[in-house]
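Biologist: Before I rely on the labels attached to this model, I would like to hear the reasoning behind them. Could we take them one at a time, with each value set against its cut-off?

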Amino acid sequence: MTNTMNSIANSAVATAAADQNDHQSALKFITCGSVDDGKSTLIGRLLVDSRAVLQDHLAGVQRGGETDLALLTDGLSAEREQGITIDVAYRYFATETRKFIIGDAPGHEQYTRNMVTAASSADAAVVLVDATKLDWKNPQLALLPQTRRHSLLVNLLRVPSLVFAVNKLDAVEDPALAFAHIRAALDRFAQAAGISVRATVPVSALKGWNVVDPHAGWCGYEGPGLLQILESLPGTPADTALPLAFPVQWVEKFSSSADTSQGRRVFWGRVAAGSVAPGTAVQIFPSGQLATVAQVLDHARRPGDVAAGTSAGIILDREVDVSRGDWLLAAPVAPAAAAADDDFGHDFGDVPAPVAPWPGQRELRTTVAWMDDEPLVAGRVYWALHGHRWVKAKVRRVVHKLDINTLAEEEASQLDPNAIGHVELLLQEALPAAPFTQARVLGSLILVDTASHKTAGAVLVN
């Protein structure tokens with residue numbers, strides 16, 4: 001199996017490949033769901049019908065005179081032999097109004113870790129539901145476990161938009177009845193789980209109905225086709241309204257353009273939260289040293305302000321000890337009450353100490369999507385990666401696990417592979433972590449096995 005860290009690197013390369021001048025308009029979405037729901041075929045249909053596939057490539061996926069659309073994304077030999085998706089495959093296409101980056105995520109439970117990797121950087125998720133696998137004649141039908149699991153993971157990872165695509169309705173006796181019952185089941189599940197759904201659309205990936213071109217009136221559905229829905233979805237909003245948080249990825253010790261850096265070191269990375277401009281007061285984490293931003297460079301070394309979600313090079317007004325893995329954070333600010341006392345000249349006793357917008361924490365309450373083959377148990381120690389900083393993390397307690405069928409919280413002493421649960425972690429060193437619902441980058445970590453160096457779990461800070 002391809003290592004998850006390689007998948008994360010490929011994901012970063014895929015995102016960087018998008019046009020820098022148009023990255024805000026490009027939509028990065030994944031397809032997910034259960035095995036054989038038609039995810040790869042759907043992506044193949046999107047690529048073919050939007051004319052994003054060259055004729056020689058299309059000729060290479062002919063099987064018995066028919067075009068096997070799934071082979072356009074299933075590139076590994078093991079995927080072609082077994083007929084399942086194992087690794088995340090990224091493809092690109094564009095319409096007149098938008099550019100798209102598609103991630104074909106695995107549906108097999110064994111490869112949930114790859115699906116989590118793809119979802120962690122997605123703007124939207126299309127969860128496919130195979131109508132032929134469900135008891136569609138039953139108004140109270142039960143959804144497949146992977147449909148529920150992937151929808152929950154997408155919601156946990158704060159993917160802004162989720163779309164349900166009910167596939168293979170062309171293969172059932174009464175498509176309208178099947179779609180009505182399946183849509184009702186999806187609505188019940190989403191409401192119980194607190195998941196916001198953008199749309200539920202009937203599709204036939206094999207025949208192309210409601211994928212690129214709307215198939216008006218089919219299944220009693222009069223809404224837009226899947227592609228039209230995707231064109232209208234918003235991208236992931238950057239955390240620009242928050243205080244500055246900047247993880248240092250690389251330290252350029254000797255700049256190639258002395259007139260730009262003025263001989264000082266340049267600290268490169270991607271702004272995780274807030275924005276940075278010359279004159280911004282920062283505190284280095286973990287050393288606590290204070291400095292002021294002298295200059296900010298964009299990815300092309302042009303001076304200017306840079307906001308969250310964008311790469312930047314930061315030059316400070318003085319030399320301070322900063323290494324890869326450190327953070328440049330908004331400097332502590334005085335409490336509002338203390339500032340008011342000063343303004344009026346009143347003396348109310350001791351002035352409260354300045355408050356750090358991103359205080360360091362060693363004890364974390366988290367939600368963990370467990371990916372390792374070995375279960376997560378209390379007492380185990382892992383490497384935790386937060387931004388570009390590595391620290392040791394000890395599992396203090398497994399609080400509970402989530403039953404994906406009933407959505408109930410169950411008492412648990414361990415998390416098995418592909419389980420989701422709440423876990424308390426104790427860090428060897430403090431990290432500027434924040435709730436994931438507040439700040440996506442500061443609120444996420446990964447756990448890595450100290451012996452095998454495999455990615456073991458995706459962590460969201462509560």
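Biologist: Why is Thr147 called buried rather than exposed?

Modeller: In this predicted model, Thr147 has a relative accessible area of 1%, and the word buried is used for values under 20%, so Thr147 is buried. Thr147 lies in helix H6.

Biologist: Which residues is Thr147 in contact with, leaving aside its neighbours within four places in sequence?

Modeller: They are Asp37, Val127, Leu128, Val129 and Leu186. Contact here requires heavy atoms within 4.5 Å. Of these, Leu186 is also one of the buried residues of helix H7, and H6 (145-156) is among the elements that cover the buried residues of H7.

Biologist: What makes H7 match the length expected of a helix at 1.5 Å a residue?

Modeller: The expected span is 1.5 Å times one less than the number of residues, and for the 19 residues of H7 that expectation is 27 Å, while the distance from its first C-alpha to its last is also given as 27 Å, so the two are close. H7 covers residues 175-193, and after it comes Gly194, whose phi is positive, near 70 degrees.

Biologist: Which residues of H7 are buried, and what covers them?

Modeller: The buried residues are Ala178, Phe179, His181, Ile182, Ala185, Leu186, Phe189, Ala190 and Ala193, and their cover includes strands E6, E7 and E8 along with H6. H7 lies across E6, E7 and E8, and runs at about 155 degrees to E8.

Biologist: How do you know that E6 and E7 are paired strands?

Modeller: Pairing requires at least two bridges between the strands, and seven bridges join E6 (residues 124-130) to E7 (residues 161-167), so these two strands pair, and they run parallel. At one place in this pairing Asp130 stands opposite Asn167 in E7.

Biologist: What is the order of strands in the sheet that holds E6 and E7, and which strands are at its edges?

Modeller: The sheet is open, has six strands in the order E4-E5-E1-E6-E7-E8, and shows mixed pairing. Its edge strands are E4 (89-94) and E8 (199-202), each of which pairs on one side only. On average, neighbouring strands of this sheet are turned by 25 degrees against each other, with direction ignored.

Biologist: What makes strand E16 largely enclosed by the rest of the structure?

Modeller: Five of the six residues of E16 (residues 311-316) are buried, and therefore the strand is largely enclosed by the rest of the structure. E16 is joined by four bridges to E11 (residues 266-270), running antiparallel, and by four bridges to E14 (residues 290-297), again antiparallel. Gly313 in E16 is the bridge partner of Trp268 and also the bridge partner of Leu297.

Biologist: Where does E16 stand in its sheet?

Modeller: The open sheet has seven strands in the order E9-E17-E13-E14-E16-E11-E10, with antiparallel pairing, which places E16 between E14 and E11. The edge strands are E9 (245-247) and E10 (250-252), each pairing on one side only, and neighbouring strands are turned by 35 degrees against each other on average, direction ignored.

Biologist: Why is the pair of Phe93 and Phe100 called stacked?

Modeller: The structure holds six aromatic pairs. In the pair of Phe93 and Phe100 the centres are 4.8 Å apart and the planes 15 degrees apart; pairing needs centres within 6.5 Å, and planes under 30 degrees apart count as stacked, so this pair is stacked. Both Phe93 and Phe100 are buried, and ring pairs link them with Phe29 into a cluster.

Biologist: What makes the pair of Trp383 and Trp390 edge-to-face?

Modeller: The angle between the planes is 90 degrees, with 6.5 Å centre to centre, and planes over 60 degrees apart count as edge-to-face, so that label applies.

Biologist: Why are Trp383 and Trp390 called partly exposed?

Modeller: Partly exposed covers values between the 20% limit for buried and the 50% limit for exposed. Trp383, with a relative accessible area of 29%, is therefore partly exposed, and Trp390, at 40%, is partly exposed as well.

Conventions. Residues are numbered from 1 along each chain as its sequence is written. This is a predicted model: local features need pLDDT of at least 70, side-chain atom pairs count only at pLDDT 80 or more; totals for chains, interfaces and linings use all residues. Side-chain values use heavy atoms; hydrogens and water are left out. Axes are lines fitted to C-alpha atoms, for helices over the stretch in contact, and angles run from 0 to 180 degrees between N-to-C directions. Buried means under 20% relative accessible area, exposed over 50%, partly exposed in between (1.4 Å probe, protein chains only).
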